[in-house]
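Please walk through this model with me, beginning with one pair of strands and working outward from there to the sheets, the domains and the partner chain.

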Amino acid sequence: MLIRYIVMVTITFGGGVIVGGAMVAFITILRILPRLAQFTETEESLKLYQVTMIVSIGLSIIMYFAKFNFGLPRLSVVPIGFVYGIFIGILSSALAEVLNVIPVISKKIKVKKDLKYLIWALVGGKVMGSLIYWIYLN
Amino acid sequence: MQKEKLYLAVNKKATVNPNQKVLVKDIGEVYCNNQIIQNNVENTEIAPDHKKEDWDYMTAIEIGQIILNTFPTIDLELLGEVEILIEFKSETHKMALWKFIKIAAVCIVLFFGSSLALINFHEDVNSSKTMKDLYYTFTGERKENPLLMVIPYSIGIGVGVITFFSRVISSSLRRVKEPGPMEIQLYLYDKDMEETILNETKKH
């Protein structure tokens, strides 16, 4: 019986280590933290940002497996949803960036100074896609 | 007689009109104490006109040889790159309408494409269940479609994309001049492409 527990704990712990490492590695290749630090000119707090993410991942796991609720007022989800959206927006554009889509397109049609129009098209498309999904498709 | 010292700094890449001869001043910078020699060297032809758009490359040694053959009395000092990529590119006539159509087409593709990609992403990771669960976690209320949470979420996605791509909005010129990740990618892509072309032209 004891051996069974030890084996199970070992296996799941190993799985957790891999998943956690993969998550952080994914965030790292997307270079989200460096971009945010560079954007706000707070490179010196990079350590703090990392700790924040580690704590957040740990807490979110507890939140995911334990069924409890904070019982906050209903309007409190407005800022929470907004903040979630900012992160997902950064994540999805970082993902596209890694795939090198925009440089190839803009090279093909030779636009360099008009890159900002492409960015606005991306922004509009993403927001519209999200709204369509949540309002009509869901 | 003492030889006149002449410095030639060769650039990494030069862009030349295909209908013009390639001159020394097109491919780098020349400096000499004697202004007349400097001007003469600058206007020395190092390659004939190429007639059509193409890529070519030259080594700094070849350029130095041509200069020394024409001006044997100078003491030439080569600085900068060891080889140079020459791009023969005619000045394009800017067609504003055509350019507008191209940009508009790319914008349309990106607009609809990115919205589809985002819908796919949400569908893929089953975010409607996640959002319902999170809504419950925060408010303790079960709701089929928590619009109150997901509409700000959608707007937040736009803010996130802008944060990632755009230049910093600031009154400081130094901050505004910092390029966004997309501009850096574009530059790196250009650089890699030029290196590849140089490598390929060398083989022929």
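In this predicted model, strands β6 and β8 of chain B run antiparallel and are joined by 6 bridges. One point of register along this pair is Asp54(B), which stands opposite Phe88(B) in β8(B). Strand β8(B) also pairs with β2 (residues 13-16) of chain B, but here the two strands run parallel and are joined by 4 bridges. Along this parallel pair, Lys13(B) stands opposite Leu85(B) in β8(B), and Val16(B) has Phe88(B) as its bridge partner in β8(B). Phe88(B) is therefore a residue to look at from both sides, since it is set opposite Asp54(B) and is also the bridge partner of Val16(B). As background, the strands of a sheet pair through backbone hydrogen bonds, in either the parallel or the antiparallel sense.Taken together, these strands form an open sheet of 3 strands in the order β2-β8-β6 (chain B), with mixed pairing. Strands β2 and β6 of chain B stand at the edges with a single partner strand each, so one side of each has no neighbour in the sheet. Direction ignored, neighbouring strands of this sheet are turned by 25° against each other on average. Two helices belong to the surroundings of this sheet: α3(B) lies across β6 and β8 of chain B and runs at about 75° to β6(B), while α8(B) packs on the sheet, touching β2, β6 and β8 of chain B, with a direction that makes about 75° with that of β6(B).

A further sheet can be traced in chain B, an open one of 3 strands in the order β4-β1-β7, again described by mixed pairing. What leaves one side of β4 (28-32) and β7 (74-80) of chain B without a neighbour in the sheet? These two strands stand at the edges and have a single partner strand each, so one side of each remains without a neighbour. From one strand to the next, the twist averages 20°. Strand β1 (residues 4-10) of chain B pairs with β4(B) in the antiparallel sense over 5 bridges, and within this register Ala9(B) stands opposite Glu29(B) in β4(B). Helix α2 (residues 35-42) of chain B packs on this sheet, where it touches β1, β4 and β7 of chain B, and its direction makes about 155° with that of β4(B). Helix α3 (residues 60-70) of chain B lies across β1 and β7 of chain B, running at about 160° to β7(B); as described above, α3(B) also lies across β6 and β8 of chain B.

From the sheets one can step back to the chain as a whole. The secondary structure of chain B comes to 8 helices and 8 strands. Its radius of gyration is 28 Å, well over the 17 Å that the globule rule gives for 204 residues, so chain B is more spread out than a compact globule. Along the principal axes, the C-alpha atoms of chain B fill a box of roughly 95 × 35 × 35 Å.

The division into domains gives another view of the chain. Chain B is divided into domain 1 (4-88) and domain 2 (96-203), and the centres of these two domains, taken over C-alpha atoms, are separated by 44 Å. How many residues of each domain are in contact with the other? In domain 1 of chain B there are 6 such residues, and in domain 2 of chain B there are 5. On the side of domain 1 that touches domain 2, β6 (54-59) and β8 (83-88) of chain B each supply at least two residues, and the largest share, 3 residues, comes from β6(B). By class, the residues on this side of domain 1 of chain B divide into 3 nonpolar, no polar and 3 charged.

The last step leads from chain B to its neighbour, chain A. Here 51 residues of chain B are in contact with 55 residues of chain A. On the side of chain B that touches chain A, α4, α5 (127-139), α6 (147-165) and α8 (181-203) of chain B each supply at least two residues, and α6(B) gives the most, with 18 residues. This side of chain B has 32 nonpolar, 16 polar and 3 charged residues. Helix α8(B) is thus named twice in this account, as a helix that packs on the sheet of β2, β6 and β8 of chain B and as one of the helices that supply residues to the side touching chain A.

One helix pair shows the contact between the chains in detail. Helix α6 (residues 115-137) of chain A and helix α4 (residues 96-124) of chain B pack at an angle of about 35°, with their axes 7 Å apart, and the crossing of α6(A) and α4(B) is right-handed. The residues of this contact divide into 17 nonpolar, 8 polar and 1 charged.

Conventions:
Residues numbered from 1 in each chain as written. Chains lettered and ligands numbered in written order. Predicted model: local features only at pLDDT ≥ 70, side-chain atom pairs only at ≥ 80, totals over all residues. Domains from an automatic or database assignment. Contact = placed C-beta atoms within 7 Å. Nonpolar A, V, L, I, M, F, W, Y, C, P; charged D, E, K, R; others polar. Axes fitted to C-alpha atoms, helices over the stretch in contact; angles between N-to-C directions. Left-handed = near helix turned anticlockwise from the far one by under 90°. Pairing = 2+ DSSP bridges. Rg over C-alpha atoms; globule rule 2.2 N^0.38 Å.
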